[in-house]
Every structure is written in structure tokens, then in C-alpha cells.
Amino acid sequence: MSLRIRDFRPEDAGAVNRIAVAAWDQYRSVFRDWPRSAPNFARTADFAGELDLLIAEDAAGIRGFVGYVAPGRPRERIFRRDWATIRMLSVDPPSRGRGIGRLLAEECIGRARRDGAAAVALHTSPVMQAALALYLRLGFSHFRDIMDRHGVHYAVYVLRLTAAAGPAPGRGLRGWLGRWLDKS
Ligand SMILES: CC(C)(COP(=O)(O)OP(=O)(O)OC[C@H]1O[C@@H](n2cnc3c(N)ncnc32)[C@H](O)[C@@H]1OP(=O)(O)O)[C@@H](O)C(=O)NCCC(=O)NCCS
């Protein structure tokens with residue numbers, strides 16, 4: 001079986017949690033709050049009710065996953081309600097560099113178009129070099145900086161799908177307002 005993307009099923013929970021722990025372990029020495037944040041990766045499948053978990057699998061099993069949030073569904077205030085969002089893109093370390101991350105992100109973009117989203121958005125950090133490079137190659141651009149998370153810099157990146165997605169806020173009043181809203 002070649003690689004395919006499908007929706008999460010309850011029996012995937014163990015593999016999703018294992019891959020989340022393995023994938024994010026590379027930030028063990030980077031996230032300043034690692035002891036507090038690490039246990040959450042082992043519970044990633046619990047998010048399956050809040051977002052659509054998409055699974056990448058081949059004949060050997062599950063290789064990675066991503067969370068897709070359709071426009072209009074509950075999300076953090078840093079993301080507009082008419083945007084789709086990508087969450088927790090994760091690929092098992094032994095399966096990396098085969099285009100699985102890209103395929104998962106492209107599936108989210110395809111679903112966002114299907115769902116009429118004005119844009120696809122995500123937050124990421126410069127410490128996530130492979131992810132950031134992948135998003136930039138897919139056409140995402142920096143939207144605005146947000147408050148640090150896990151003690152590292154984070155920013156919102158957006159791929160506009162329609163003109164309604166809005167302009168980049170820049171560093172002026174709108175950027176300041178956005179950061180203030182993050183805190184409130
Ligand atoms: C980001 C991640 C999902 C990518 O998965 P992947 O299956 O290896 O991704 P792909 O194979 O589709 O693409 C990897 C690309 O990144 C490139 N890449 C790999 N390591 C890189 C690095 N350190 N810096 C820049 N680019 C890198 C590869 O060369 C490849 O580019 P190519 O398509 O031009 O050959 C995976 O590294 C991961 O799970 N990281 C940990 C979790 C994470 O950071 N998630 C992102 C949250 S925003």
C-alpha cells in the first residue's frame with residue numbers, strides 16, 4: 001500500500017500518541033517548559049474531538065498525523081474564525097524526508113479550499129526549522145509575531161486562499177493590538 005491520508009479512527013490513538021512523543025522529543029532541550037509540556041504529547045489523540053485528526057499511513061502502519069480545524073470551529077483567538085488552521089503536524093522520525101509532512105499539510109490546504117476558508121493559518125517557531133521551511137515552500141508567509149510559547153519565539157503564518165483573508169498586520173498598531181489580544 002502506498003502512502004495515503006485518511007481520517008482518524010479511535011483505534012489509532014495509541015499510534016498517534018506514540019508518534020507525537022517521538023516527533024516532538026527533538027525539542028526536549030529547546031522548550032524551556034519541557035517537563036510541563038512533554039506529558040501533553042502523550043495525550044494528543046484526546047484532541048480528536050476538537051479538530052479533525054488526519055492520519056498518514058502505508059502498509060507498515062501510521063507514519064504521521066496532523067490536526068485540521070475547519071473555518072468556524074472553535075480555535076485560539078490568534079486565528080480568525082474564517083480561517084482554517086493546521087495544528088501539530090508530526091511525522092515519526094524514521095519516516096521523515098519522504099514527503100509525508102508535505103502531503104499532510106497539502107491535505108489540510110485542500111480541505112480548507114473545500115470548506116471555503118479565507119486562508120489557512122498555523123503558528124510555528126524558528127526552532128522548528130524543517131516545518132518552517134516546508135510551510136514557506138508551500139506559500140505560507142509571516143502574518144504576525146505572537147507571545148513566546150515554551151520559552152521560544154512563535155509567529156502566525158498564513159496562506160491566503162481568497163482576498164478576504166486580509167492584509168498582513170505588520171509591526172505597527174495592528175501588530176501591537178494583536179499581541180495585546182493574545183494576552184487578554
Ligand atoms: C516538520 C515535519 C512534520 C516534517 O516532516 P517530513 O515528513 O520530514 O517532511 P517532508 O519530507 O514532507 O519535507 C521535509 C523537507 O524539509 C527539509 N528539511 C529537513 N530537515 C530540515 C531542516 N532541519 N531545515 C530545513 N529543512 C529541512 C527536507 O529536505 C525536505 O525538503 P524537500 O521536500 O525539499 O526535500 C517533521 O520534521 C516533524 O514531525 N517535526 C517535529 C514536529 C514539528 O516541528 N512540527 C511542526 C509544528 S509547526
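## Helix α3 and its sheet

Buried residues of α3 pack against β1 (4-7), β2 (52-58), β3 (61-69), β4 (83-91), β5 (119-124) and α4 (129-137); contact here means C-beta atoms, placed from the backbone, within 7 Å. Helices (H or I, at least four residues) and strands (E, at least two) are DSSP runs, numbered from the N terminus. This is a predicted model: local features need pLDDT of at least 70, side-chain atom pairs count only at pLDDT 80 or more, and totals for chains, interfaces and linings use all residues. Residues are numbered from 1 along each chain as its sequence is written.

Q: Which residues of α3 are buried, and what arc do they cover around the axis?
A: Buried means 20 or more other C-beta atoms within 10 Å of a residue's own, exposed 12 or fewer, and partly exposed in between. In α3 that picks out Ile100, Gly101, Leu104, Ala105, Cys108 and Ala112. They sit on the same side of α3, because their arc, taken from the directions from the helix axis to the C-beta atoms, is only 140°.

Q: Is Met128 buried or partly exposed?
A: Happily, this one is a simple count. Met128 is in the loop between β5 and α4. It has 18 C-beta neighbours inside 10 Å, so Met128 counts as partly exposed.

Q: Which are the edge strands of the sheet?
A: Two strands pair if DSSP finds at least two bridges between them. The open sheet has 7 strands in the order β1-β2-β3-β4-β5-β7-β6, with mixed pairing. Those pairing on one side only are β1 and β6 (141-149).

Key
Contact = placed C-beta atoms within 7 Å.
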